[in-house]
Amino acid sequence: MSMPIENMGVPVIILKEGTERSYGKEAVRNNLMAARAISEILKTTYGPKGMDKMLVDSLGDVTITNDGATILDKMDLQHPAGKMLVQVAKGQDEEAGDGTKTSVIFAGELLKEAENLLEKNIHPTIIINGYKQALQKAIEILEKISEPVSLDDKEKLLLVAKTSLNSKAVSEAREHFANIAVEAVRAITEQRGNKYVADINNIQIVKKYGGSLLDTQLIYGIVIDKEVVHPDMPKRVKNAKIALLDASLEIEKPELDMEISLSSPESMKKLLDKQEKMLSEKVEKIAATGANVVITQKGIDDVAQHFLAKKGILAARRVKRSDIEKLAKATGARIVTNLDDLKPEDLGFAENVEEKKIGEDKMIFVEGAKNPKSVTILIRGGFERLVEEADRAIHDALSAVADAVVDNKIVAGGGAVEEEIAKELREWSKGVPGKTQIAVESFIKSLEALPQTIAFNAGHDPIDILMKLRSAHSDDSKKWYGIDIETGNIVDMWNKGVIEPMRVKANALKAGTDAASLILRIDDMIAAKKSGGAGGKGPSGKSSEEESGKESSSD
């Protein structure tokens with residue numbers, strides 16, 4: 001006889017003990033709060049009047065910056081939704097090189113607006129759908145209103161670089177840095193078909209503290225952070241013929257373990273003479289090609305250094321592979337892995353190779369390269385923290401100029417482009433059906449929050465500024481009107497020279513919308529119990545040693 005199984009109210013345990021789970025509205029609320037908190041942290045750094053953050057890591061290293069990607073990277077966030085915003089910033093940094101704060105603040109604003117809609121019982125799917133439709137239309141509007149720029153329009157490119165540097169700690173040297181950024185990008189830009197390609201990885205950045213920011217210089221060639229290997233070698237070579245080697249000028253040790261038995265001092269001398277002869281032959285092969293500069297990725301033996309010095313050849317050893325590749329691109333040399341293959345046509349050319357002292361260190365400058373499609377920016381600054389921040393600033397400026405050159409599209413900054421898109425979206429949203437229209441309106445509010453944040457950080461009333469902006473943009477002839485942060489007036493940003501690449505704005509809107517959509521989709525969060533490894537925490541929050549001690553004492 002079979003007995004019916006009744007529900008005796010016994011809970012069914014599915015997850016491991018110590019696993020935390022939040023679901024439904026609680027999970028959504030937790031994620032929204034975490035993402036918004038991070039967005040709020042970045043808000044105060046936004047715009048030309050934004051403040052800096054000081055970040056101290058577990059080792060006590062200090063970073064002072066207002067670069068969005070750097071702040072999020074150094075913050076060492078724990079919350080999973082927060083970590084997603086770090087990925088957004090990194091993605092924006094890789095794709096556009098600038099606009100990381102815009103993407104994260106925009107994501108935070110979208111989530112803030114979404115929270116209000118969720119409280120009105122509007123389903124997350126409807127909100128996400130509205131955001132996606134609004135984004136698609138916003139990108140269309142952005143494409144339509146953007147203005148063209150060419151590689152030869154140096155004046156406009158300088159304005160793009162200056163706008164990018166406006167919010168950085170190095171703004172007092174921004175004229176100098178903007179010039180360097182534009183010249184560097186123009187030097188490495190290549191035309192492929194009817195398109196331009198500007199790979200900023202071809203710009204080498206060397207940091208040396210000492211001097212002032214204005215001592216930062218652009219070198220049409222490469223700087224090698226090494227010194228000439230032998231004191232008797234020339235410290236300067238004019239019309240240099242450069243051999244780039246991925247081979248060592250040393251006696252190679254055999255792969256197998258072996259012993260050599262020497263029966264007399266004469267055999268020892270013979271062995272040393274043989275080694276010397278082999279190295280001499282290697283140097284003779286190099287000299288025979290006409291090379292007067294040798295740069296190798298591997299080592300150079302003391303004896304080989306002596307022979308090279310006798311031939312009047314300048315040499316550097318253990319140079320980074322990335323630097324050798326940049327040298328090959330700049331000088332037209334071919335990297336040779338076997339000395340037997342070295343021919344005169346493999347040599348590169350530079351007008352001047354010279355060892356110079358920068359700060360405390362000696363460095364080799366390879367200047368006047370044959371085809372300077374690889375250049376170097378040597379960054380100087382009074383102290384290390386300033387040099388690091390200058391490096392981050394120049395990276396953003398280079399990326400902004402490269403984006404403008406490659407896409408050939410620019411827009412005005414200072415809140416002008418956001419308000420123009422908002423105006424057009426507001427008109428378009430009238431035709432959007434149902435509840436989706438409310439989500440589109442939330443997208444517009446989030447967009448307008450960006451110029452409001454710029455105004456607030458400059459000490460102006462954000463509501464007042466927004467009203468003035470909307471009023472100006474109601475006139476079609478004022479599409480580039482934005483905020484003059486010094487006076488709080490609404491002026492023509494195009495004439496004021498506040499110009500940004502379209503890609504930075506477009507990508508920031510895409511990244512922010514994607515992040516907000518991803519976080520809104522989550523309605524269940526299951527966090528596994530932390531493993532109690534060395535120093536790990538158990539579910540009670542104590543270390544594994546404390547927990548195991550507690551267990552053993554109760555046995």
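These legends go with a set of close-up views of a predicted model.

**Figure 1. The whole chain, before zooming in.**
Start with the overall tally: the protein chain has 17 helices and 21 strands. It runs to 555 residues, and buried ones make up 48% of them. If you look at contacts with a separation of 6 or more, 74% of them link residues 24 or more positions apart.

**Figure 2. Helix α3 meets helix α4.**
Two packed helices are described by the angle between their axes and the distance between the axes. Here the pair is α3, residues 80–95, and α4, residues 100–119; their axes come within 8 Å and cross at roughly 145°. As for handedness, the crossing of α3 and α4 is right-handed. On the α3 side the contact is built from Leu-85, Val-88, Ala-89, Gln-92 and Asp-93, and α4 brings in Thr-100, Ser-103, Val-104 and Ala-107. Sorted by type, the residues of this contact come out as five nonpolar, three polar and one charged. An α-helix has 3.6 residues a turn, so residues three or four places apart point the same way.

**Figure 3. Lys-90 on helix α3.**
Lys-90 also belongs to α3. Is this lysine buried or partly exposed? Lys-90 counts as partly exposed, because its relative accessibility is 35%. Its C-alpha atom is separated by 7.6 Å from that of Thr-100, with the two residues 10 apart along the chain.

**Figure 4. The β2–β3 hairpin.**
Strands β2 and β3 make a hairpin, with five residues between them. In the turn, look for Gly-60, which has a positive phi of about 90°. The strands pair in the antiparallel sense over four bridges, with β2 covering residues 53–56. To pick out one rung of this ladder, find Leu-55 and its bridge partner in β3, Thr-63. The side chains of β3 alternate: Thr-63 and Thr-65 point to one face and are buried, whereas Val-62 and Ile-64 point to the other and are not.

**Figure 5. Thr-65 and its surroundings.**
Thr-65 sits in strand β3, residues 62–65. Thr-65 counts as buried because its relative accessible area is 0%. Its side chain makes a polar contact with the side chain of Arg-392, at 3.3 Å. Leaving aside residues up to four places away in sequence, Thr-65 touches Asp-52, Lys-53, Leu-55, Thr-70, Ile-71, Glu-389 and Arg-392.

**Figure 6. The β7-β16-β8 sheet, with helix α11.**
Strands of a sheet pair through backbone hydrogen bonds, either parallel or antiparallel. This one is an open sheet of three strands in the order β7-β16-β8, and its pairing is mixed. The edges are β7 (203–209) and β8 (217–219), each of which pairs on one side only. Neighbouring strands of the sheet are turned against each other by 20° on average, direction ignored. The parallel part is β7 with β16 (residues 375–381), joined over seven bridges. One of the pairs to look for is Ile-205 with Ile-377, its bridge partner in β16. Helix α11, residues 384–407, packs on the sheet and touches β7 and β16; its direction makes about 160° with that of β7.

**Figure 7. The β4-β17-β20 sheet and two helices.**
This is another open sheet of three strands, this time in the order β4-β17-β20 with antiparallel pairing. β4 (147–148) and β20 (499–501) are the edge strands, and each pairs on one side only. β17, residues 409–412, runs antiparallel to β20 and is joined to it by three bridges. Within that pair, Ala-412 stands opposite Ile-499 of β20. Helix α6 (residues 154–165) lies across β17 and β20, running at about 90° to β20. Helix α16 (residues 502–520) packs on the sheet too, touching β17 and β20, and its direction makes about 65° with that of β20.

**Figure 8. Helix α9 and its two ends.**
At the N-terminal end of α9, Asp-301 acts as the cap: one of its side-chain oxygens lies 2.8 Å from the backbone nitrogen of Val-303. The helix itself spans residues 302–310, and its buried residues are Ala-304, Gln-305, Phe-307, Leu-308 and Ala-309. After α9 comes Gly-312, with a positive phi near 75°.

Technical notes: Residues numbered from 1 in each chain as written. Predicted model: local features only at pLDDT ≥ 70, side-chain atom pairs only at ≥ 80, totals over all residues. Heavy atoms only, no water. Axes fitted to C-alpha atoms, helices over the stretch in contact; angles between N-to-C directions. Left-handed = near helix turned anticlockwise from the far one by under 90°. Contact = heavy atoms within 4.5 Å. Nonpolar A, V, L, I, M, F, W, Y, C, P; charged D, E, K, R; others polar. Buried < 20%, exposed > 50% of the residue type's maximum accessible area, 1.4 Å probe, protein only. Polar contact = N/O pair within 3.5 Å; in protein donor to acceptor, adjacent residues only side chain to side chain. Pairing = 2+ DSSP bridges.
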